[in-house]
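Work through the exercises below with the sequence and the structure at hand. Try each task before reading its solution.

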Amino acid sequence: MAVLFTHTFKGVDPSDAVRDYAERKFAALVNKFVHEEGTRAHCTYKTEGIHQRIEVHLSVGGNDIHASADGDKVYSAIDRAIEVVEQQLRKRKEKLVRHHG
């Protein structure tokens, strides 16, 4: 299932490697938990002091999921945001199963 991604870099050098890493990680997560078409993801990367921050907004089947995470490096911030989004997608899936099950 394809996810439409957009990225914004604020005070962080735009990098294809960062973009590709985030897209690969989030797409795998969405494919695991989401079965609706039309999922969109927007990732904003920022530098805050000495930390890197990612803010993620997913639009999934009419629901919005937001997560943010900090890390010493942008990759660790992405990994932490993945964990937060995974928890939210897991809860969403459990609610759908209970409602339809």
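The exercises that follow concern a predicted model, and each task comes with a worked solution.

**Exercise 1. The sheet**

Task: Find the order of the strands in the open sheet and name its edge strands.

Solution:
- Step 1. The open sheet has four strands, in the order E1-E2-E3-E4, and its pairing is mixed.
- Step 2. E1 and E2 are parallel, with seven bridges; E2 and E3 are antiparallel, with nine bridges.
- Step 3. E1 and E4 each pair on one side only, and these are the edge strands.
- Step 4. From one strand to the next, the twist averages 15°.

**Exercise 2. Strand E1 and the crossover**

Task: Sort the residues of E1 by face, then determine the handedness of the crossover from E1 to E2.

Solution:
- Step 1. In a regular strand, side chains alternate between the two faces of the sheet.
- Step 2. The covered face of E1 holds Phe-5, His-7 and Phe-9, while Leu-4, Thr-6, Thr-8 and Lys-10 are on the uncovered face.
- Step 3. His-7 has Cys-43 in E2 as its bridge partner.
- Step 4. The path from E1 to E2 goes through H1, and this β-α-β crossover is left-handed.
- Step 5. H1 lies across E1, E2 and E3, and its direction is at about 140° to E1.

**Exercise 3. Two aromatic pairs**

Task: Classify the two aromatic pairs of the structure.

Solution:
- Step 1. Planes under 30 degrees apart count as stacked, and planes over 60 as edge-to-face.
- Step 2. The ring centres of Phe-9 and Tyr-45 are 4.6 Å apart and the planes are at 15°, so this pair is stacked.
- Step 3. Phe-9 belongs to strand E1 (residues 4-10) and Tyr-45 to strand E2 (residues 40-48); 36 residues separate them.
- Step 4. Phe-9 is buried at a relative accessible area of 17%, and Tyr-45 is buried at 0%.
- Step 5. The ring centres of Tyr-21 and Tyr-75 are 5.0 Å apart with planes at 85°, so this pair is edge-to-face.
- Step 6. Tyr-21 is in helix H1 (residues 16-33) and Tyr-75 in helix H2 (residues 74-100), so the pair ties together parts 54 residues apart in sequence.
- Step 7. Tyr-21 is buried, with a relative accessible area of 16%, whereas Tyr-75 is partly exposed at 33% relative accessibility.

**Exercise 4. The nonpolar core**

Task: Describe the largest nonpolar core and say which elements supply at least two residues each.

Solution:
- Step 1. In soluble globular proteins, nonpolar side chains tend to be buried together.
- Step 2. The largest core here has 30 residues, and Phe-26, Tyr-45, Ile-54 and Ile-78 have the most contacts inside it.
- Step 3. At least two residues of this core come from each of E1, H1, E2, strand E3 (51-60), strand E4 (63-71) and H2.
- Step 4. H1 gives the largest share, eight residues.
- Step 5. Leaving aside residues up to four places away in sequence, Phe-26 touches several residues, among them Phe-5, Cys-43, Ile-54 and Ile-78.

**Exercise 5. A glutamine in E3**

Task: Decide whether Gln-52 counts as buried or exposed.

Solution:
- Step 1. Gln-52 is part of strand E3.
- Step 2. Buried means under 20% relative accessible area.
- Step 3. Gln-52 has 17% relative accessibility, so this residue counts as buried.
- Step 4. Not counting residues up to four places away in sequence, the contacts of Gln-52 include Val-12, Lys-46, Asp-70 and Ala-77.

Key
Residues are numbered from 1 along each chain as its sequence is written. This is a predicted model: local features need pLDDT of at least 70, side-chain atom pairs count only at pLDDT 80 or more; totals for chains, interfaces and linings use all residues. Side-chain values use heavy atoms; hydrogens and water are left out. Rings of Phe, Tyr and Trp (its six-membered ring) pair if their centres lie within 6.5 Å; planes under 30 degrees apart count as stacked, over 60 as edge-to-face and the rest as tilted. Buried means under 20% relative accessible area, exposed over 50%, partly exposed in between (1.4 Å probe, protein chains only). A nonpolar core is a set of buried Ala, Val, Leu, Ile, Met, Phe, Trp, Tyr and Cys residues joined through side-chain atoms within 4.5 Å. Contact means heavy atoms within 4.5 Å. Two strands pair if DSSP finds at least two bridges between them. Axes are lines fitted to C-alpha atoms, for helices over the stretch in contact, and angles run from 0 to 180 degrees between N-to-C directions. A crossover is right-handed if, with the strands pointing away from the viewer, the path from the first strand over the helix to the second runs clockwise.
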